[in-house]
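Reader: I have a model open on my screen and would like to go through it with you. Could we take it piece by piece?

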Amino acid sequence: MATEGNLQAPTRHAIDWKNPGFYNEDAALQEMERIFDICHGCRRCVSLCGAFPTLFDLIDENKTMDVEGVDKKDYWKVVDQCYLCDLCYMTKCPYVPPHPWNVDFPHTMLRAKAIKFKKGEVGVGERLLASTDVHGQIAGIPIVVQVANAVNHTKLARGLMEKTLGVDKDAWLPALATRKFRSHTPVSKDYPVRDGEKTPGKVAIFATCYINYNEPGIGHDLLKILDHNEVPYVLVEKEKCCGMPKLELGDLDGVNEHKEANIPVLAKYARDGYAILAAVPSCALMFKQELPLMYPIDADVQLVKEHMWDPFEYLMARKRDGLLKTEFTTPLGKISYQIPCHGRVQNIGKKTEEMLKMVPGTSVQTHERCSGHAGTFGVKKATHQQAMKIGKPLFKAMAQHKDGGLPDVISSDCPLGGHHIAQGFEVNQLGAPPQKHPLTLIRTAYGLE
C-alpha cells in the first residue's frame, strides 16, 4: 500500500536520455499526466514557482476540475514555467523515490524540454543566451569590451535585444570583464600540500563562464582566501561551460558536447588528488548531480563528482581538519544572506552561513527562499516579471534584518541571483544596501587587499 511520504532520504534515478523512448512525446505526456494528477492531490509546492500555480489553474478552470480535463497542449505552459531549481524534489515533495509513486517533477520537465528542443521549438535568442562561451569571447579585448558594455546598456540596444533575442529591456544584465579571470590569474605560491582527514591539501579552480567573463573579482577573492590559508592552487588547464544553461533548455546533445570537453580534463585533476572548486553553485551542481545522473556508468564523471566542492564546503571542511585560519580582523556588520536553490540542492548544509558567523562583529540572517532569477529565466522578456514576482517575498524579507532596519550588505552565493536580489530591492524601493559575494566578504573579513 502506498503511504504518505517517506521515512527514507530522497534518491535520484539516472536520466535515460540516450534511450529513443525518452523523446517519445506521447509517452512523456502520459507521464506528465500521471505526475500532474499526484501534484493536484497534494499542492504542497504551490508557492515555490510559477509551474505549480499554472498547473493548478489549468485544473481548476476546466469543467471537470481534474487533470483529465486539461488539454495536453496546455501542459507546455507548465513546462515553460519550470527552471529546474529542484527545490520541489528536495524540500517539498513527499512522493519522490524511493516512494512507489516515483515523482520526479524536475526531471519530468527536463524530459519535456528535451523533446521541445529536439522538435526545433526553442528560439535563436534562447539558444544564444545559453551559449555562454560564445558571447563571452569578446571579454578582455581592449576597447571592444568597453564599447560593447556601453552599447548594451543604452535604451536603443536594450530595446533591440528585447525584440530580437527576447531579453527583457529592464532586466539586469552583467557587463563583460575588461580582463578575463583565466587570463590574469596569479600563480600560487609553493606551499607544501597539507592533506586533512576530510580535505585534499591542493585545489584546482574550475573558473566558470560567469567568473571568467563577467566578475573575475570573485575568483580573485577565492584565490586570496586560499593563499591566506596556504593552500596551493592551480587553474584548470582548459574548460568549457559546465553545461547547465544547455540543460535548462533541454539541449542534452549540447550538454554532452561540454561534458566531453570538461570531464577528461577534470578527471585528471581528480586522479592527481586535487579538490576541484567551482564558485558558482549551478556549475558545482552540474558536476555533482546532473552529469552523474546522465552518465551513471562513466567512471570519470563519477570521479569528478567525488572531487567537486563548493568553496565554502571546502573551507569549512578545512576548519574541521584544523587547517583554516580563523583570525578575522574586519567585522562585516549586518548581513542578509540568501542560500541559492542550486546551493541547497547540493545537500552540504549552510556552510557559507557557518563561515560568515565566525567573523566577530557580524550578524547573519539567512534566507532559504528562491530569488526567482534561475539562470536565463530572470532575464527573458517572457518571464522577467514572473521572476521578480517569485523573488518579491525574499526581497522584502531580506530588507528587514533581525537586528533592526536594513542590512549593511546583501549577499548570495549565486552571483546572478545576488544582482537579481539587488534589482528587486531597487524596483520595490526597499533601500540600496551594497550587494557583495560571500567570498568577497570573507576576503574583507581577513583584511586582505
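Author: Happily; what follows is a short set of questions and answers on this predicted model.

Reader: Let's begin with the sheet. Which strands stand at its edges?

Author: The sheet is open and has 4 strands, with parallel pairing and the order β2-β1-β3-β4. An edge strand has a single partner, so one side of it is left without a neighbour in the sheet. The strands that fit this are β2 (233–235) and β4 (308–309).

Reader: And inside the sheet, which residue of β3 is the bridge partner of isoleucine 205?

Author: Strands β1 (residues 203–206) and β3 (residues 275–278) run parallel and are joined by 4 bridges. For isoleucine 205, the bridge partner in β3 is leucine 277.

Reader: Now the helices α13 and α14. At roughly what angle do their axes cross?

Author: Two packed helices are described by the angle and the distance between their axes. Here the helices are α13 (residues 252–271) and α14 (residues 281–294), and their crossing is left-handed. Their axes come within 12 Å and cross at roughly 115°.

Reader: How many nonpolar residues does the contact of α13 with α14 have?

Author: From α13 come Leu252, Val255, Lys259, Asn262, Ile263 and Leu266, and they meet Met286, Phe287, Leu291 and Met294 of α14. By class, this contact has 1 charged residue and 1 polar residue, and the number of nonpolar residues is 8.

Reader: Next, arginine 318. Is it buried or exposed?

Author: Arginine 318 lies in helix α16 (residues 311–320). Beyond its neighbours within four places in sequence, it is in contact with residues including Arg194, Asp195, Val231 and Leu324. Buried means under 20% relative accessible area. At 1% relative accessibility, arginine 318 therefore counts as buried.

Reader: Which side chain is joined to that of arginine 318 by a polar contact of 3.0 Å?

Author: One residue to look at is 119 residues away along the chain, yet its C-alpha atom and that of arginine 318 are separated by 6.2 Å. The side chain joined to arginine 318 by the 3.0 Å polar contact belongs to threonine 199.

Reader: Last one: with which side chain does aspartate 104 make a polar contact?

Author: Aspartate 104 sits in the loop between α4 (87–92) and α5 (105–118), and at 11% relative accessibility it counts as buried. Leaving aside neighbours within four places in sequence, aspartate 104 is in contact with Arg12, Ile35 and Tyr89. Its side chain makes a polar contact, at 2.9 Å, with the side chain of arginine 12.

Terms used:
Residues numbered from 1 in each chain as written. Predicted model: local features only at pLDDT ≥ 70, side-chain atom pairs only at ≥ 80, totals over all residues. Heavy atoms only, no water. Helix = DSSP H or I, 4+ residues; strand = E, 2+ residues; numbered from the N terminus. Buried < 20%, exposed > 50% of the residue type's maximum accessible area, 1.4 Å probe, protein only. Polar contact = N/O pair within 3.5 Å; in protein donor to acceptor, adjacent residues only side chain to side chain. Contact = heavy atoms within 4.5 Å. Axes fitted to C-alpha atoms, helices over the stretch in contact; angles between N-to-C directions. Left-handed = near helix turned anticlockwise from the far one by under 90°. Nonpolar A, V, L, I, M, F, W, Y, C, P; charged D, E, K, R; others polar. Pairing = 2+ DSSP bridges.
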